[in-house]
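Dear colleague,

I am passing a structure on to you, and I would be glad if you could look through it before reading my notes below.

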Amino acid sequence: MLRRLYDWTLSLADSPHALRALFVVAFIESSVFPIPPDVLMIPMILARPSRAWLIAGVALVGSVLGGLMGYVIGWGFFETLGRPVLEFYGKDAYFDDFSARYNDYGAWAVLIAGITPFPYKVITILSGSTGLNLGVFMVASVIARGIRFFVLAALLWKLGAPIRAFIERYLGLLFTLFVVLLIGGFYAVKFL
């Protein structure tokens, strides 16, 4: 079923309404949908590199607004909508322990989930359910999703189709490594 959903999402890239479809996919991916907007962005940018920044911007706006929807789900509808989403992704068992400490590091959690392959929707829902400051949540979301989508757009714009296989295979790992090094750097500066 997930493969059919992936293929359907990918087919939207050829639609005359691809930008709108990207916005919708980015929006719902940030709160419930399992397929990331990158799936649409890659073929859209390869087909029209001159629109790379517009495509990244549409994904950013859709994703951040969708993240706000995830925040609202966590804030007002956690038991009816949020918990089932967390259960679907196998993250519900960690919720009680995690939420007790979440707000101390919430901005970092949003940044990490927004950049890495970790399901961003889990963090959006947790942010709302734990009452993470909305301003902190929004700023961290814009920074994280901006980095993710604009780095992807820049790579595709500059290097084109030859970079596609590398992106699909290793970009998530590289983003994760970047975040680990960034956090490690902050800790090193703080404690050394």
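Which residues in helix 6 meet which residues in helix 8? Please keep in mind that this is a predicted model. On the helix 6 side the residues are Phe95, Phe98, Ser99 and Tyr102, and they meet Ile123, Leu126, Ser127, Ser129 and Thr130 in helix 8. Helix 6 covers residues 95-102 and helix 8 covers residues 120-130, and the two pack at an angle of about 65° with their axes 10 Å apart. Because angles of 65 to 115 degrees count as roughly perpendicular, helix 6 is described as roughly perpendicular to helix 8, and their crossing is right-handed.

Turning to the interior, the largest nonpolar core has 23 residues, of which Leu22, Met41, Met44, Ile45, Ile55, Phe149 and Leu156 touch the most other members. Two or more residues of this core come from each of helix 2 (18-29), helix 3 (38-47), helix 4 (52-76) and helix 9 (134-159), with helix 4 giving the most, namely 7 residues. There is also a second, separate core of 19 residues, which includes Val85, Phe95, Ala109 and Phe137; Phe95 is also among the helix 6 residues that meet helix 8.

As for annotation, the unreviewed UniProt entry assigns "transmembrane region" to residues 52-78, 105-123, 135-157 and 169-189. In the model, residues 52-78 are 96% helix and 0% strand, with their end C-alpha atoms 36 Å apart, while residues 135-157 are 100% helix and 0% strand, with an end-to-end C-alpha distance of 32 Å.

With best regards

Terms used: Residues are numbered from 1 along each chain as its sequence is written. This is a predicted model: local features need pLDDT of at least 70, side-chain atom pairs count only at pLDDT 80 or more; totals for chains, interfaces and linings use all residues. Side-chain values use heavy atoms; hydrogens and water are left out. UniProt positions are given in the numbering used here, feature names are shortened, and annotations may be inferred rather than shown by experiment. Helices (H or I, at least four residues) and strands (E, at least two) are DSSP runs, numbered from the N terminus. A nonpolar core is a set of buried Ala, Val, Leu, Ile, Met, Phe, Trp, Tyr and Cys residues joined through side-chain atoms within 4.5 Å. Buried means under 20% relative accessible area, exposed over 50%, partly exposed in between (1.4 Å probe, protein chains only). Axes are lines fitted to C-alpha atoms, for helices over the stretch in contact, and angles run from 0 to 180 degrees between N-to-C directions. Angles under 35 degrees count as roughly parallel, over 145 as roughly antiparallel, 65 to 115 as roughly perpendicular and the rest as oblique. A crossing is left-handed if the near helix is turned anticlockwise from the far one by less than a right angle, and right-handed if clockwise. Contact means heavy atoms within 4.5 Å.
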